[in-house]
2 protein chains.
Amino acid sequence: MELPFSRVAVLGTGLVGGSFALALKRAFPQARVIGCDRPKVLERARERGAFDEPVPDAAAACRGADLVYLALPVLEIVRALPTVAAVVSPTALVTDAGSTKTLICQEAERVFPSPRRFVGGHPLAGRESGGIESAAADLFAGAPYFLIGAPEPLDDRLRRLLAVIEAIGARPVWLAAGEHDRLAAFLSHLPQMVAVALAETVLEGAGESAGALAGPGLRDTLRLAGSPYAIWADVARTNPHLPQALDRLGRWLERIRSRLESGDLREDFERSNRLYKILRRLE
Amino acid sequence: MELPFSRVAVLGTGLVGGSFALALKRAFPQARVIGCDRPKVLERARERGAFDEPVPDAAAACRGADLVYLALPVLEIVRALPTVAAVVSPTALVTDAGSTKTLICQEAERVFPSPRRFVGGHPLAGRESGGIESAAADLFAGAPYFLIGAPEPLDDRLRRLLAVIEAIGARPVWLAAGEHDRLAAFLSHLPQMVAVALAETVLEGAGESAGALAGPGLRDTLRLAGSPYAIWADVARTNPHLPQALDRLGRWLERIRSRLESGDLREDFERSNRLYKILRRLE
């Protein structure tokens, strides 16, 4: 396959940045991938062998790159954008993998004079265990990869980014930033917060005995309870739709609570069963 | 292995009853297993080959059995107990697999003059798809199998039941009925209701697009959303600890809701990560 980018700077060498590097190198072994992070994190990335070159300084990492990939917590991406914009080649493409998009895209609009130089992204792929140690070349396989804006007009830079996204096995989905954050609130950020709250409740109610007494249903339901705090603080702060999503969940829970005594939960289970089938494409 | 029971009547030939029959026959091929259910359900069980003999009438199924296994929704078990008590041999053991135990054990105490004749049980094994079609001989492998009461004095009937439970791969855990229901509220029934409420919220917020846009995290979190209504109506009605568990969850959710703006969720994620590790025995 033709090499879409020859020198790629990945800022943030954790789970997503590391997996992107591994996936990219698998698809395009000739691409040179620069990893940029704090020295301690870079050292772990080096042990994992995901990057060709570790560079602790962001400006130095971006110089000469034709693709800059920001795989940091949302507010760190916002803070990194002016630095990146100041040093990156005018012909390079800058993209990110932040979990919310409104704030990031606003800041990118401010710092990049040409809209062709930045496109916001969000691969909906994750793993409850973070860090480069959990990175995998197939993390994006089959996952939706949100891109912010509209694909048209498709310029050369964008065409090459799409080639990368497809080469790593993801499915590009174009959305406006606000619509992305609204959907992500329901499909990703609310489930995460629910897993945390449920885990806290179970810990409070059953304590250590949960380890010996829980069944596989609880373990699956609470897979996201293992997610690292680091990225979620920024998600909580920057998704304007999350409070509303939590409020709606509260109303559905109250409805169930009020129907426990009668056991009249048929409609609730019907809706729930319907979404289960939708998620597994059974209908 | 010595045959602990030679004629076993299983009332309810769905997922749990069917799996119990399959597991029992695998461990003790010489045992004769009678399946009892509505004719239509029995027909499906027959196709699956899980039972040696289909008997639509409960009294007829129990006559001559040395083990009666009630695998029905909770209130159907309560209703079946007097019938079973009236016909079953005085030397037989009666047990059940109902999801809540307080009501069932109260009724069993009333209808069985000798406490040796009944022991309440609850295998914490399930699958989100119900029915005999989902039954499997290994459903109980590695799962906790709650038994109500205390193991001592261990009479001969109980020893034989324990032999069966161990032969099907489950781990017996002795508990009082009230403590069982309290723990099950947190470990099983609350997670189920949360999955339903979360599914309803996601369906409301993202609709059909959830099918194309959700990641693997949501699919795992909502595995229980596929559970069939049939058994859960009775769980909702008969677990006295479930309202309290839902209230506690509500308080944790409110706490998270109030901290979204500051993003100060470190303690919440720490508790959540801790339970995650407990569930996977990582600490």
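These are my notes on how chain A and chain B sit together in a predicted model.

**Symmetry.** I started by superposing the copies. Chain B lands on chain A after a rotation of 180° with 0.0 Å of shift along the axis, at an RMSD of 0.0 Å. That is the relation of a two-fold axis. I then looked for the residue of chain B that comes closest to the rotation axis, and B:Thr221 turned up, with its C-alpha at 2.1 Å.

**Contact.** Next I asked how many residues each chain puts into the contact. Chain B gives 83 residues and chain A gives 83 residues. I also checked the overlap: 100% of the interface residues of chain B are interface residues in chain A too, so the copies meet through the same surface.

**Area.** I got about 8,200 Å² buried between the two chains, with 66% of that from carbon and sulfur atoms. On the side of chain B, B:Leu213, B:Tyr229 and B:Phe269 lose the most area to chain A, together 9% of what that side buries.

**Polar side.** I counted 10 salt bridges across the interface. One I looked up pairs A:Arg274 with B:Glu208, the closest N and O atoms being 2.4 Å apart. Polar contacts across the interface come to 30 residue pairs.

**Which elements?** I listed the elements of chain B that give two or more residues to the side touching chain A; among them are strand E8 (144–148), strand E9 (171–175) and helix H12 (266–279). H7(B) gives the most, with 21 residues. By type, I sorted the residues on that side of chain B into 48 nonpolar, 14 polar and 21 charged.

Conventions. Residues numbered from 1 in each chain as written. Chains lettered and ligands numbered in written order. Predicted model: local features only at pLDDT ≥ 70, side-chain atom pairs only at ≥ 80, totals over all residues. Heavy atoms only, no water. Least-squares fit on C-alpha atoms with pLDDT ≥ 70 in both. Contact = heavy atoms within 4.5 Å. Buried area = accessible area lost by both parts, 1.4 Å probe. Salt bridge = Lys/Arg side-chain N within 4 Å of Asp/Glu carboxyl O. Polar contact = N/O pair within 3.5 Å; in protein donor to acceptor, adjacent residues only side chain to side chain. Helix = DSSP H or I, 4+ residues; strand = E, 2+ residues; numbered from the N terminus. Nonpolar A, V, L, I, M, F, W, Y, C, P; charged D, E, K, R; others polar.
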